[in-house]
Amino acid sequence: MAKKNEIRHSGKILEITPDFTTVQIIVSSACSACHAKGLCGMSEEEEKVIMVPTDPYADHKVGDEVQVLTKMTMGLKAVWISYVIPLAVLMILILSLSPVIANELMLGLVSIAGVALYYFGIWLFRDRLSNEFVFYIA
C-alpha cells in the first residue's frame, strides 16, 4: 500500500548494472482505467525509462515487476520547476516590458525568449537536479 507521502509506479526491470538499474514504467492518464476508453479515444499511456540506483543487497533480475517510488515532495518540486516558475517568469516579463515595448509581437517573442533562457538554465544544471530527484525500488 502506498504511503501518503510517496509516489508509486509499477515497472519492469530492463537492465541491471552495478551503478544503475534501468526500469520501464508505464504512465497512464485517468482515462486509461475507464471502460469506455476505446470509444472516446482520449486514453493516454506513455512508456518512460528511468535510472534507479542499484541496491547491492536486492535480488532483482531483468524482467522482474517492481514498484518504483519517490517522495511526494519531489513530484511537487518538479511541478514548480517545470510549470509554475516558467509561468511566473513569462507573466513578469510580459507585465514589466509592456510599457517599454509597444509592439505586441516583439513583446511576446522577448517573453518567450526569457522562458527559453530559464529552461536553458535548467538544462545546464540537469546533472545537479538529477542528483536531487532520486527514485527507489520497493
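Helices (H or I, at least four residues) and strands (E, at least two) are taken here as DSSP runs, numbered from the N terminus. On that basis, the chain has four helices and five strands, and their order from the N terminus is β-β-α-β-β-α-α-α-β. The model is predicted: local features need pLDDT of at least 70, side-chain atom pairs count only at pLDDT 80 or more, and totals for chains, interfaces and linings use all residues. Residues are numbered from 1 along each chain as its sequence is written, and side-chain values use heavy atoms, with hydrogens and water left out.

**Overall burial and contacts**

Relative accessible area, computed with a 1.4 Å probe on protein chains only, divides residues into buried (under 20%), exposed (over 50%) and partly exposed (in between). Of the 138 residues in the chain, 18% are buried. Contact is defined as heavy atoms within 4.5 Å. Among contacts between residues at least 6 apart in sequence, 64% join residues at least 24 apart.

**Strand β1 and its partners**

Strand β1 spans residues 6-16 and includes E6. E6 counts as buried because its relative accessibility is 13%. The side chain of E6 makes a polar contact with the side chain of R8 at 2.9 Å; such a contact is a pair of N or O atoms within 3.5 Å, where, within protein, one must be able to donate a hydrogen and the other to accept it, and residues adjacent in sequence count only if both atoms are side-chain atoms. Leaving aside neighbours within four places in sequence, E6 is in contact with L69, T70, K71 and M72.

K12 also lies in strand β1, as does E15. K12 is partly exposed, since its relative accessible area is 36%; E15 is likewise partly exposed, at 43%. Beyond four places in sequence, K12 is in contact with T22, V23, Q24, G63, D64 and E65. With the same exclusion, E15 touches F20, T21, T22 and V62.

T22, in strand β2, is buried because its relative accessible area is 10%. Apart from neighbours within four places in sequence, T22 is in contact with K12, I13, L14, E15, V49, I50 and M51.

In helix α3, L109 is partly exposed, with a relative accessible area of 49%. The table gives C-alpha separations for L109, E15 and K12.

| Residue pair | Separation in sequence | C-alpha to C-alpha distance |
|---|---|---|
| L109 and I94 | 15 residues | 9.9 Å |
| E15 and G63 | 48 residues | 8.3 Å |
| K12 and D64 | 52 residues | 5.6 Å |

**The nonpolar core**

A nonpolar core is a set of buried Ala, Val, Leu, Ile, Met, Phe, Trp, Tyr and Cys residues joined through side-chain atoms within 4.5 Å. The largest such core holds seven residues: I13, V23, I25, I50, V52, V66 and V68. Two or more of these residues come from each of β2 (20-28), β3 (45-53) and β4 (65-71). In soluble globular proteins, nonpolar side chains tend to be buried together. Not counting residues up to four places away in sequence, V23 touches G11, K12, I13, K48, V49, I50, V52, V66, V68 and I137.

**Pockets**

Pockets were sought on a 1 Å grid over the protein atoms alone, with a pocket being an open set of points where a 1.4 Å probe fits, with protein on both sides within 12 Å along at least five of seven lines; lining residues have an atom within 4 Å of a point. Grid points are joined across faces, edges and corners, and a volume is the space filled by probe spheres set on the points.

The largest pocket has a volume of about 660 Å³. Its lining comprises 20 residues, of which M74, G75, A78, F133 and F135 lie nearest the centre. At least two lining residues come from each of β1, β2, β3, α2 (72-97), α3 (104-124) and α4 (126-132), and α2 gives the most, with five. For classification, Ala, Val, Leu, Ile, Met, Phe, Trp, Tyr, Cys and Pro count as nonpolar, Asp, Glu, Lys and Arg as charged, and the others, Gly among them, as polar. The lining of the largest pocket thereby has twelve nonpolar, five polar and three charged residues.

The second largest pocket contains about 200 Å³ of space and is lined by F20, I50, M51, P53, S130, N131, F133, V134 and F135. β3 and α4 each supply at least two of these residues, with β3 giving the most, three. By class, seven residues of this lining are nonpolar, two are polar and none is charged.
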